[in-house]
Structure formats: C-alpha cells, structure tokens
Amino acid sequence: MRTQVAIIGSGPSGLLLSLMLAKAGIDAIIVERKSRDYVLSRIRAGVLERGSVGFFDSVGVSDRLHAEGYVHEGFALSFNGHKHRVDLQKYAGKTVTVYGQTEITRDMMDARLERGLTTIYEADDVAIHDFDTANPSVTYKKDGVAHTINCDFIAGCDGFHGVCRESLPAGSYETFERIYPFGWLGILSRTPPVDHELIYANHQDGFALCSMRSANLSRYYVQCPLTDTVNDWSDNRFWDTLRARLPAETAESLITGPSIEKSIAPLRSFVAEPLRFGRLFMAGDAAHIVPPTGAKGLNLATGDVYYLSQALIGYYVDKSEKALDTYSNKALARIWKAERFSWYLTNLMHTFPENGAFGRKMQLAELGYVFSSDAAVTSIAENYVGLPY
Ligand code: FAS
Ligand code: PHB
C-alpha cells in the first residue's frame, strides 16, 4: 500500500488530521490498533473550546455537535461552601461547548466512512520505519497477515501509550513530567446534571467536578487516592463523597442514580520535545498530557493537528517546507501555555496534604484574590476558552 501521510491512531488527533488533509486533497491512511467500538467505549473529555468547534466545522463534522452540544457562557469554582462563577462571555468574550469526546469521535469516524477514507482497525504489531529518510513506512499485521504502507510522512497520533514515541532513538527527545499524587474517579449516571454549568469544587477533603453530557446524562468526578480501585467505591460512597465536597445548596439538589460507567484516571503533566523527527510528526497525547482540570487535553490535540495539517498542506500544495520546519516550536509554544494553566488549576483546586496548612491557606488566598480581581478572573477565563493559535 502507498499513501502520502500514514496516521497512527484513530483518536481525535488522527481523525481530525485525516479529515483536514482529505479536504486539501492529501491522501492519508489511519492505522489503529483497537476496534472502532473499543475506541468509542472510552469516556474522556467533555468540553470543547471555540477553536476546536471551528476545526470540526471546517471539516463538516459538527452538525450533531451544534444540535446536541451545550454552549456554556461560564462555569463555577466553589470553595468555602460557596460557588463563584467565571463569566466566560464577560471576561473572555467567548463560550465553550459541552459535547463528549466520544460523540465527536463517532462523528469523525462516520464522516470518514461516508467519504471513503481508509482506516485499518485492529492492526497488530504496528511499527514505524525509516522516518529519518525520505521513504518512511509503517508495518502491521491484520488477521495474521503482514502489511506495509509506504508513505511520505508519518503522523504519531497514537496517544500516551503509543508506539511512535517509543520508536524514537534514545537521546533524541527530552521529557518533562509532573505526576500528581492522586487520581480522578469518574462516573456517568443517567440523571439530570446538578447545575446548568460545570462546577469545579475545592474542598478540604478533596476536589470534585460536576459536568454533563446531556439533559439526562451527568458526568461527575472526585479526587481519590492513587491506590484506590473502582471496587473501593460503591455508588453510595461516591455520591456521599461528592455531596460532602459541594456547597450545601448544590448538594441538596443533587439527583443521584446508578453509575453506568465508573473509572479512575491518573493525573500527570507531560511533554516530550521536540515534536518532529525527520518525516515523523507527533501530535496530541502522543506528545503531551495535561491533567483534565483545565479541560485542555482534547483541545490541545486539535491545536497541534491544525498546525500540522497546515504544514503538510504547505508541503504538498505550496511546495514549501517552511511550516514543517516550524511546526514543533509553534505547537510547543501553545502546548506549554496549556500545560501551565492545567497545572495551575490542578494545584489550585485539589488537596495536597504534603503542602500542609500553609499550602491550604495559599489556595484559599488565591481563590479569594481571583474573585476580587478582574485581571485574575480574566486570566482564568481566557485560558479556559482557549488561547489564540
Ligand atoms: P488518544 O489517546 O485519544 O488516541 C490515540 C489512539 O491511538 C487510540 O485510539 C489508541 O488505541 C491508538 N494507538 C495507541 N497505540 C497504538 C499503536 N501502537 N498502533 C496503532 N494505534 C495505536 N481530556 C479532557 O480535555 N478532559 C477530560 O476529562 C479527559 N479525560 C481523560 C481520561 C483518560 C482516562 C484519558 C486517557 C485522557 C483524558 N483526557 C481528557 C485527554 C483526552 O481527551 C486526550 O487529550 C485525547 O484523547 C487526545 O486525543 P489523541 O491525541 O487522539 O489520543
Ligand atoms: C468532562 O465532562 O468529562 C470534563 C469536563 C471538564 C473538565 C474535565 C472533564 O475539566
């Protein structure tokens, strides 16, 4: 097989990149190790920046997003028993859209199918080769049969545990990492959301987040020890813990129900630099991870893919390698700003017993300052809606 761009991974990064390239007439094949259904079974992000929505608009996959997504003009941070709203429209002049990653992934998969674009699902032993030459290739096995894809470029969109980063020569990249000493226990429940907007709760017992997917599908999270497993958390224990961390008025209106999904995700900040290795370009979680506190993971991935698609279009359409040469630095400049915001909000909203009583006082002082200063709340708002590309 031959294609112009071989994309490893059928998550949001790989799917959006392939659609942006197809729109420019550039051929790409996606190689995905899991099945379509498995990819769609993963419950992940929930908030889309205006910029991400614009990218989905640009490749014609946003009809359901606009029909079923929720446009939010603000969100709340709660602390000391009270909610404090961050007015995104007032302080950043933009909104965000609540629409599950699962749904936009489904929309992009369906669009690729309708447009006759090739995805190899359930590909085993995926490997990348000769990306330091002008003739890279990807090999894989499908139903036990070996295949090779010859290509001009490889896009590493295979997430944090993918094959691309582990295929890089030792010493060819540098990593920067912060692993947080807790996880997020998340549940889905077929219950009406407790509020019309998201609530991020700072509480002495731990962080909590109230989010949603639809008028009758809620997504909730509580900070939990990394040593916990979902078996340690009955639904009743989850609901009691969530209630205890919310302002009383909110806790009283919480409607609970059986969990239909329950999982614990570890939190880390991670960046691998650079993003380019000859004809291999890294994008999305394959290159960086943010703690979900700032709702940046998926939105950073779309930003990378926008820059990378523009660079590849520059190569094929304008016969220029200039944007390929600047891709890594350009994407990293935006990545690090999102890493900072996600790290900042994670440190502000979670309990860190190791920081002691003084650390707790600093959190509450920072929160008090944020809601007494237009400059401070503007900073949070403009980062939450997404910084310019
Ligand atoms: P993905 O990890 O989504 O996709 C990579 C794809 O590559 C996968 O389909 C994988 O199967 C495939 N792959 C891996 N290795 C391969 C190989 N060797 N060969 C072929 N294919 C391979 N972000 C938020 O904004 N909010 C959240 O609440 C949030 N929650 C998250 C919870 C969890 C448990 C995780 C892991 C992430 C969460 N994220 C969240 C971040 C998440 O949304 C990512 O930012 C987003 O999925 C990034 O998309 P991709 O870069 O496409 O990576
Ligand atoms: C979610 O709805 O899953 C969600 C929303 C906002 C976040 C993280 C997760 O910051």
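**View 1. Polar contacts link domain 1 and domain 2 in this predicted model.** The interface of the two domains holds 13 residue pairs in polar contact, both partners at pLDDT 80 or more. Salt bridges are another matter: the rule finds zero across this interface.

**View 2. Three elements each give two or more residues to the side of domain 1 that touches domain 2.** They are β3 (47–49), β17 (259–273) and α10 (322–349). Helix α10 supplies the largest share of this side, with seven residues. By residue class, the side of domain 1 that touches domain 2 has twelve nonpolar, six polar and seven charged residues.

**View 3. Domain 1 and domain 2 bury area against each other.** The buried area is about 2,000 Å². Carbon and sulfur atoms give 60% of that area. Look for I43, Y344 and T346 on the domain 1 side. Together these three supply 28% of the area that domain 1 buries against domain 2. No other three residues supply more.

**View 4. Contacts between the domains involve 25 residues of domain 1 and 25 residues of domain 2.** The C-alpha centres of the two domains lie 29 Å apart.

**View 5. The chain is divided into two domains, each written as separate segments.** Domain 1 takes in 5–71, 97–176 and 268–346. Domain 2 takes in 180–267 and 348–385.

Terms used. Residues numbered from 1 in each chain as written. Chains lettered and ligands numbered in written order. Predicted model: local features only at pLDDT ≥ 70, side-chain atom pairs only at ≥ 80, totals over all residues. Heavy atoms only, no water. Domains from an automatic or database assignment. Contact = heavy atoms within 4.5 Å. Buried area = accessible area lost by both parts, 1.4 Å probe. Salt bridge = Lys/Arg side-chain N within 4 Å of Asp/Glu carboxyl O. Polar contact = N/O pair within 3.5 Å; in protein donor to acceptor, adjacent residues only side chain to side chain. Helix = DSSP H or I, 4+ residues; strand = E, 2+ residues; numbered from the N terminus. Nonpolar A, V, L, I, M, F, W, Y, C, P; charged D, E, K, R; others polar.
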